[in-house]
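User: I should like to learn how a metal site and a helix are read from a set of coordinates. Could we work through one case together?

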Amino acid sequence: MPELPEVETVRQGLNQLTLGQEILGGDVLLARTIAHPLFVEDFLTGLKGKTLAQWHRRGKYLLAELDDLQRAGEIGQGGLGMGDWALKTHSSKLKTNPIGWLGVHLRMTGQLLWVDQDTPLQIHTRVRLFFAGNRELRFVDQRTFGQMWWVPPLSNPQEIITGLKLLGPEPFSAEFNLEYFVSKLERRQRPIKTALLDQSIVAGVGNIYADEALFKAGIRPETLCANLSRQQIERLHEAVIQVLQAAIAAGGTTFSNFLNVQGINGNYAGVAWVYNRAGQPCRVCSTPLERLKLAGRSSHFCPQCQE
Ligand SMILES: [Zn+2]
């Protein structure tokens with residue numbers, strides 16, 4: 001499943017390739033991929049003629065700020081975008097946009113690909129958006145849990161994409177500070193791994209990077225939050241941020257079927273500390289790594305380095 005670094009990699013690719021491009025039309029091959037509006041025709045009509053002004057990320061959601069050519073001409077290109085919004089301005093709030101938004105969640109297996117329209121359709125192609133120059137933004141999704149939303153003009157994205165309301169702070173934001181993290185973990189009688197996967201505590205961390213952060217912090221995944229020392233929470237807080245940053249720098253992971261918008265795998269799997277490496281030697285102490293199940297998810301850890 002794509003996690004924050006993979007979604008961020010897709011976002012950066014989309015910002016390099018698609019900005020200022022006008023949506024000329026589209027084709028929805030699987031209606032239930034469109035989570036809003038109710039009718040596919042309204043989704044396509046809403047997007048037609050709009051340009052992609054800037055792609056943002058909130059947790060694992062991708063959000064394209066829409067514009068139209070008339071307004072783009074008035075403001076001028078470059079005046080629209082806010083740069084690496086989610087990383088730099090650290091805002092966890094999305095504003096209403098007079099022209100609307102396009103939302104995407106990749107869920108388990110979604111892939112957002114920037115291709116030529118004559119590229120043969122992948123068997124799991126769900127939605128196609130067409131652009132000038134024979135270009136296409138294609139949503140391919142084997143497991144069909146992926147979703148897309150058109151947020152109409154002046155609507156708040158959180159009212160349409162209701163999952164946004166449930167998200168805790170972005171891990172790179174000022175809101176995700178040590179005091180906040182301590183307040184969410186202290187006295188809680190649940191495993192720390194489960195808490196890291198809880199999107200209301202911190203947005204965007206999934207199974208891979210939770211395991212990696214726990215290794216870096218030297219904490220076993222089944223440890224109850226209430227039993228963590230303040231020092232351990234501090235190490236974990238730093239580790240979460242470092243692990244996510246390292247994975248973004250590596251272009252996301254090669255695990256699962258993650259692809260960036262140009263259809264290329266990431267590089268993180270080759271350098272993973274513990275994830276998916278049960279039975280292999282720890283990169284620090286050479287002890288064979290172990291796996292255990294927590295809340296139905298596999299956790300990978302080093303019995304020597306983590307306590
Ligand atoms: Zn070890």
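**Reading a zinc site and a helix**

Analyst: Let us begin with burial: a residue counts as buried when its relative accessible area is under 20%. This is a predicted model, and in it Cys-282 is buried because its relative accessible area is 4%. Cys-302 is buried too, with a relative accessible area of 0%.

User: Which residues are the protein donors of the zinc ion?

Analyst: The zinc ion is bound through the SG atoms of Cys-282, Cys-285, Cys-302 and Cys-305, which lie 2.2 to 2.4 Å from the ion. Along the sequence, these donor residues follow the spacing C-x2-C-x16-C-x2-C. Cys-282 sits in the loop between α9 (230–249) and β10 (290–294), and Cys-302 in the segment after β11 (297–301), so this pair ties together parts 20 residues apart in sequence.

User: What geometry does the site of the zinc ion have?

Analyst: Four donors count as tetrahedral if all angles lie between 85 and 135 degrees. Here the angles among the 4 donor atoms run from 101 to 113°, and the site is tetrahedral.

User: How does the span of α9 compare with the span its residues should give?

Analyst: The expected span is 1.5 Å times one less than the number of residues. For the 20 residues of α9 this gives 28 Å, and the end C-alpha atoms are 29 Å apart, so the two agree.

User: Which residues of α9 are buried, and what covers them?

Analyst: The buried residues include Ile-233, Leu-236, Val-240, Leu-244 and Ile-248. Among the elements covering the buried residues of α9 are α1 (4–17), α6 (178–185), α7 (192–197) and α8 (207–217). Just after α9, Gly-251 adopts a positive phi of about 75°.

Notes: Residues are numbered from 1 along each chain as its sequence is written. This is a predicted model: local features need pLDDT of at least 70, side-chain atom pairs count only at pLDDT 80 or more; totals for chains, interfaces and linings use all residues. Side-chain values use heavy atoms; hydrogens and water are left out. Donors are N, O and S atoms within 2.8 Å of the metal (3.2 Å for Na, K and Ca); water is not among the atoms, so sites may look incomplete. Four donors count as tetrahedral if all angles lie between 85 and 135 degrees; four count as square planar and six as octahedral if opposite donors are over 155 degrees apart and all others between 65 and 115; anything else is irregular. Helices (H or I, at least four residues) and strands (E, at least two) are DSSP runs, numbered from the N terminus. Buried means under 20% relative accessible area, exposed over 50%, partly exposed in between (1.4 Å probe, protein chains only). Contact means heavy atoms within 4.5 Å.
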